[in-house]
Amino acid sequence: MKKSDVVNTIFHNDIPHIPQREKGLAFAPTNIALCKYWGKRDTELHLPVTSSLSIALPDKGTMTTLRLHDQPIDHVVVNDQALSPESAFVKRLVEFLDLFRPEKKWYVQIDIHINIPIAAGLASSASGFASLVLALNNLFGWELSHHYLSILARLGSGSAARSFWLGFVEWHAGVQPDGMDSYAEPLDIEWPQLCVGLLTIDASEKIISSREAMQHTVNSSVLYGNWPKKVIQDLAIIKQALKVKNFPLLGGTAESNALTMHATMLSSWPPICYFLPETIAAMHRIWALRRDKLELYFTEDAGPNLKLLFLKEDFDHVSAQFPRMEKVSVFDS
Ligand code: PMV
């Protein structure tokens, strides 16, 4: 099945192409997975092997503005810098837009404002594709629910399926070949004491994309076979920890989940290692602080940067240890 088949199913073969307003505009927050998505059961539709669970960062993400124009080419501007049509970034966007314009009836000026480093393992593509889909929905008056927008954004980047809500979000792996049961939805849980801190170690673009790294891991890691079992366990524990607000259980399970994901990458061949020496040094600091009874945990995505997890009451202590850490709001914390 192709991406275009999914689009046609959602629009009943009639994709609206008449703009309903002068511009389409939308913001989507980035999200950090506490239980990771790593590996696809369908590489075309970005259908995951496992379900996953994330927390949104309301103030971090992407604002996308779309305006139709007359030239037969899309113009992409990121943080006020025009990008070359030949860049991989623009090509990926154009390929995605083409899903919604089989007859090439329209072209756009795309203005993207993103307040997190791009392609550095800080989930920029998640907020990027979610905000693009929301902006298209706004421009063409699709009036699709977040359920369908989540499915459409997944076709751009898997983790984008989770970027439509604030708070905790679960993306269901689903079992159907067309992926119509692989969508995200919010969990009805708030945790105002929970804090996330960004420890940016290197904001430059990663050497291997998460898409490539994921597939390479599935194909060559001897440990990958154990990953789905680990996720099933971790997901259940994390949901329970959220329900009863057990922070050590949440932090420990999220950290172990991230480390296991990285272990699958290390065991692939040729190996993939996103850790930098400073990443490992920070991990050792965190473990030492935990031995001294500070409830501090981390998670790490496809990049060298860490996201620290701690409770509001420990903020002063954590920020004294990691002065470069940027505390990001989660529930207005
Ligand atoms: O959506 P992608 O293809 O950028 O993959 C995201 C993968 C991780 O960030 C490492 C994990 C996750 O669940 O977000």
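Which side chain has an N or O atom 3.3 Å from an oxygen atom of the ligand? The side chain of aspartate 301 does. The legends below cover this contact and its surroundings in a predicted model.

**View 1. Polar contacts reach the ligand from aspartate 301, serine 157 and glycine 158.** Aspartate 301 places a side-chain N or O atom 3.3 Å from a ligand oxygen. For serine 157, a polar side-chain atom lies 3.0 Å from an oxygen atom of the ligand. Glycine 158 uses its backbone instead: an N or O atom there sits 3.4 Å from a ligand oxygen. Taken alone, the ligand exposes 380 Å². The protein buries 93% of that area.

**View 2. The shell around the ligand holds 14 residues.** Tyr37, Ser157, Ser159, Arg162 and Ser210 come nearest. By class, the shell divides into six nonpolar, five polar and three charged residues. Both domains contribute: at least three shell residues come from domain 1 (3-186), and at least three from domain 2 (194-329).

**View 3. Two domains meet in this protein.** The domain assignment gives domain 1 as 3-186 and domain 2 as 194-329. Their C-alpha centres lie 25 Å apart. Across the boundary, 31 residues of domain 1 are in contact with 43 residues of domain 2. The ligand shell draws on each of these domains.

**View 4. Cysteine 195 and cysteine 273 differ in exposure.** Cysteine 195 is buried, at a relative accessible area of 0%. Cysteine 273 is partly exposed, at 43%. How many disulfides does a search of the whole structure find? The search finds zero. A disulfide would be a covalent bond between the sulfur atoms of two cysteines.

How values were computed:
Residues are numbered from 1 along each chain as its sequence is written. This is a predicted model: local features need pLDDT of at least 70, side-chain atom pairs count only at pLDDT 80 or more; totals for chains, interfaces and linings use all residues. Side-chain values use heavy atoms; hydrogens and water are left out. A disulfide is a pair of cysteine sulfur atoms within 2.5 Å. Buried means under 20% relative accessible area, exposed over 50%, partly exposed in between (1.4 Å probe, protein chains only). A residue is near a molecule or strand if one of its heavy atoms lies within 4 Å of it. A polar contact is a pair of N or O atoms within 3.5 Å; within protein, one must be able to donate a hydrogen and the other to accept it, and residues adjacent in sequence count only if both atoms are side-chain atoms. Accessible areas come from the Shrake-Rupley method with a 1.4 Å probe; for residues, only the protein chains shown count as cover. Ala, Val, Leu, Ile, Met, Phe, Trp, Tyr, Cys and Pro count as nonpolar, Asp, Glu, Lys and Arg as charged, and the others, Gly among them, as polar. Domain bounds come from an automatic or database domain assignment. Contact means heavy atoms within 4.5 Å.
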